Amino acid sequence: ILILSFVSIALLAPILAPPISGDPYICPYDGPPSKDVTPLPTFPSPEHPFGTLHGYDLYYGCIWGTRVALYVSILTTLIAVVVGLAIGSIAGYFEGIVDEFLMRFTDAFFAIPGLVYVLLVAAALPLNWELNLGSFSFTIILSDIDRIILALAIIGWPPYARLVRGEIKRVKTQDFIEAAKAIGCSPLRVLIKHVLPN
């Protein structure tokens, strides 16, 4: 119910809080500024149901902020799952030194509190990424939200890697995996075609 309510607010934002000034899609906290611009918060009123802060309507910030929150959470989770899936699959399937190295690397992320990692990564990530490939070059400009997403994804993948590694170890002992190896499938084909789908 909470998730459905949250998603509904995000989808119905233009109806619940019609944009009056500025573009809420670019800056969701720039709702209609109050006439009484003061650094102190003001009490709720019929015009501003949640009150104002620094001259901005908090109701608009809450409604449009759900879109930013969903964007950050979904993208962060997708990146973390992809990275965790890749590392956990390689560690679980190949085992040995590869598994030991990747799991110790994963443990390093568990050793330091996540908030510290997020602050360090967000501060260290450059705003502009330039890639030059001979005659072809382009620049990626990261917004503050993009840096937060990357920082959260970097600390979010270890649990997925651990989970996937355990499942890979379980599945790779099944008879159909041994059969795939017996007919000459390469390790990469066995991993991608037979292990991961299961």
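## Helix α6: span and bend

In this predicted model, helix α6 covers residues 144-171. With 28 residues and a rise of 1.5 Å a residue, the helix should span 40 Å, and its end C-alpha atoms are 41 Å apart, so expectation and model agree. The helix nevertheless contains a kink of about 30° at G156, shortly before the proline P158.

## Buried residues of α6

Which residues of α6 are buried? They are R147, I149, A151, A153, W157, P158, A161, V164, I168 and V171. P158, named above as the proline just after the kink, therefore belongs to this group, since its relative accessible area is under 20%. An α-helix has 3.6 residues a turn, so residues three or four places apart point the same way.

The partners of these buried residues are helices: α3 (58-94), α4 (96-111), α5 (114-124), α7 (175-182) and α8 (187-195).

## Nonpolar cores

The largest nonpolar core has 10 residues: Y93, V164, I168, V171, I177, A180, C185, V190, L191 and V195. Helices α6, α7 and α8 are the elements that contribute two or more residues to this core. Apart from it lies another core, of nine residues, including M103, F109, W157 and A161.

Within the largest core, V195 offers a view of the contacts at the level of a single residue. Leaving aside neighbours within four places in sequence, V195 is in contact with Y93, I168, V171, I177 and V190. Each of these contact partners is itself listed as a member of the largest core.

## Packing of α4 on α6

Helices α4 and α6 pack at an angle of about 145°, and their axes are 9 Å apart. The crossing of α4 past α6 is left-handed.

On the α4 side, the residues that meet α6 are D99, M103, F105, T106, D107, F109 and F110. On the α6 side, the residues are I154, W157, P158, P159, R162, R165 and K169. M103, F109 and W157 thus appear both in this interface and in the core of nine residues.

## Packing of α7 on α8

How do α7 and α8 cross, and at what angle? Their axes come within 10 Å and cross at roughly 140°. In this case the crossing is right-handed. The contact is made by F176, I177, A180 and K181 of α7 together with V190, H194 and V195 of α8. Of these residues, I177, A180, V190 and V195 also belong to the largest nonpolar core.

Helix α8 also holds L188, which is exposed because its relative accessible area of 53% exceeds the 50% cut-off. The C-alpha atoms of L188 and Y93 are separated by 9.6 Å, although the two residues lie 95 residues apart along the chain.

## Overall composition

The protein has eight helices and four strands. From the N terminus on, its elements run α-α-β-β-α-α-α-β-β-α-α-α. Of the 198 residues in the protein, 30% are buried.

Among contacts with a separation of 6 or more, 60% are accounted for by residues 24 or more positions apart.

## The loop between α2 and β1

Two prolines, P41 and P49, are located in the loop between α2 (13-16) and β1 (52-53). P41 is exposed, because its relative accessible area of 59% is over 50%. P49 is partly exposed, because its value of 38% falls between the 20% and 50% cut-offs.

Not counting residues up to four places away in sequence, P41 touches T52 and L53. P41 and G55, which are 14 residues apart in sequence, are 8.3 Å apart in space, C-alpha to C-alpha. With the corresponding sequence neighbours left out, P49 touches P44, D57 and Y59. The C-alpha atoms of P49 and Y59 are separated by 6.4 Å, and these residues are 10 residues apart along the chain.

## The loop between α3 and α4

E95 is placed in the loop between α3 and α4. Its phi is near 50°, a positive value in a residue other than glycine. Is E95 exposed, partly exposed or buried? At 30% relative accessibility, E95 counts as partly exposed.

Key: Residues are numbered from 1 along each chain as its sequence is written. This is a predicted model: local features need pLDDT of at least 70, side-chain atom pairs count only at pLDDT 80 or more; totals for chains, interfaces and linings use all residues. Side-chain values use heavy atoms; hydrogens and water are left out. The expected span of a helix is 1.5 Å times one less than its number of residues. The bend at a residue is the angle between axes fitted to the seven residues ending there and the seven starting there. Buried means under 20% relative accessible area, exposed over 50%, partly exposed in between (1.4 Å probe, protein chains only). Contact means heavy atoms within 4.5 Å. A nonpolar core is a set of buried Ala, Val, Leu, Ile, Met, Phe, Trp, Tyr and Cys residues joined through side-chain atoms within 4.5 Å. Axes are lines fitted to C-alpha atoms, for helices over the stretch in contact, and angles run from 0 to 180 degrees between N-to-C directions. A crossing is left-handed if the near helix is turned anticlockwise from the far one by less than a right angle, and right-handed if clockwise.
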